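Student: Please guide me through this structure with a few questions and answers.

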Amino acid sequence: MRIPAHSVCTAIRDDIVSGVFGRGSRLTEEVLARRYGVSRVPVREALRTLESEGFVVTRRHAGACVAEPTDQEAADLLEIRTLLEPLGAARAAQRRTEAHLKVLRGLVRLGQERVRRGEGEDLRSLGGWFHETLAQASGSPALIALLTQLRHKIAWMYTVEQSSLPADSWAEHGALVDAVARGDAERARALAAQHAERAAAAHRPRRPERPASVPGPPRVRASQQAVNTAGVRH
């Protein structure tokens, strides 16, 4: 069975975001093909996609390498997100379906329940799923793609401090869902802007070390889904 390039792309992106491949590391087609148990063709296609996303650069005499973003580039990502997430929330208020609302409300209930029980382990994952669903509710493929790419890159470049007031964060999520449910686009936009600014303040630049060698090979599944964004907490 031919493994699709998007599955290989997801696997490589996961490894870049998690630090398996450090910034500046070479990414040779032959080594990557062995690592993921695929041919070089989907690897080549995946590297082209990752280069267009800004995760990979092609250097003369070195070939494909993991990008090394500057501090300014990293800071720009947070600023861009504070502009796009409010737009996504406003669009969601206008275009959401009942299915979107059901998922969003369910995630808020789970998050608030975890907070009450003092179970913080899942909060970051739940927050990531909440914002992914909110983006999907915008009904804009272009905006969804931009927000997804931003989440991936922010997870790669930043760590997030544990919130000292998780109940407040989930109360903000709940208020945002209420505004979306009412179809109040301006209120949803304002709440999302406040939430994004507060979340940005908890981000700290990640300073990963470059690995000495490429780790052992995992296998890529054709059904593998998008990169895990659990590392991004809102």
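Student: With which residue does Arg204 form a salt bridge?

Tutor: This is a predicted model, in which local features need pLDDT of at least 70, side-chain atom pairs count only at pLDDT 80 or more, and totals for chains, interfaces and linings use all residues. Residues are numbered from 1 along each chain as its sequence is written, and side-chain values use heavy atoms, with hydrogens and water left out. A salt bridge is a side-chain nitrogen of Lys or Arg within 4 Å of a carboxyl oxygen of Asp or Glu. The closest N and O atoms of the pair are 3.2 Å apart, and the partner of Arg204 is Glu161.

Student: Is Arg114, which meets Asp122 in a salt bridge, buried or exposed?

Tutor: Buried means under 20% relative accessible area, exposed over 50%, and partly exposed in between (1.4 Å probe, protein chains only). The N to O distance between Asp122 and Arg114 is 3.3 Å. Because its relative accessible area is 17%, Arg114 counts as buried.

Student: Which residues are linked with Arg114 in a network of salt bridges?

Tutor: Asp122 in this network is partly exposed, at 35% relative accessibility. The residues linked with Arg114 are Glu113, Arg117, Glu119 and Asp122.

Student: How many salt bridges does a search of the whole structure find?

Tutor: One of them joins Asp15 and Arg35, with the closest N and O atoms 2.8 Å apart. Both Asp15 and Arg35 are buried. The search of the whole structure gives a number of salt bridges equal to 15.
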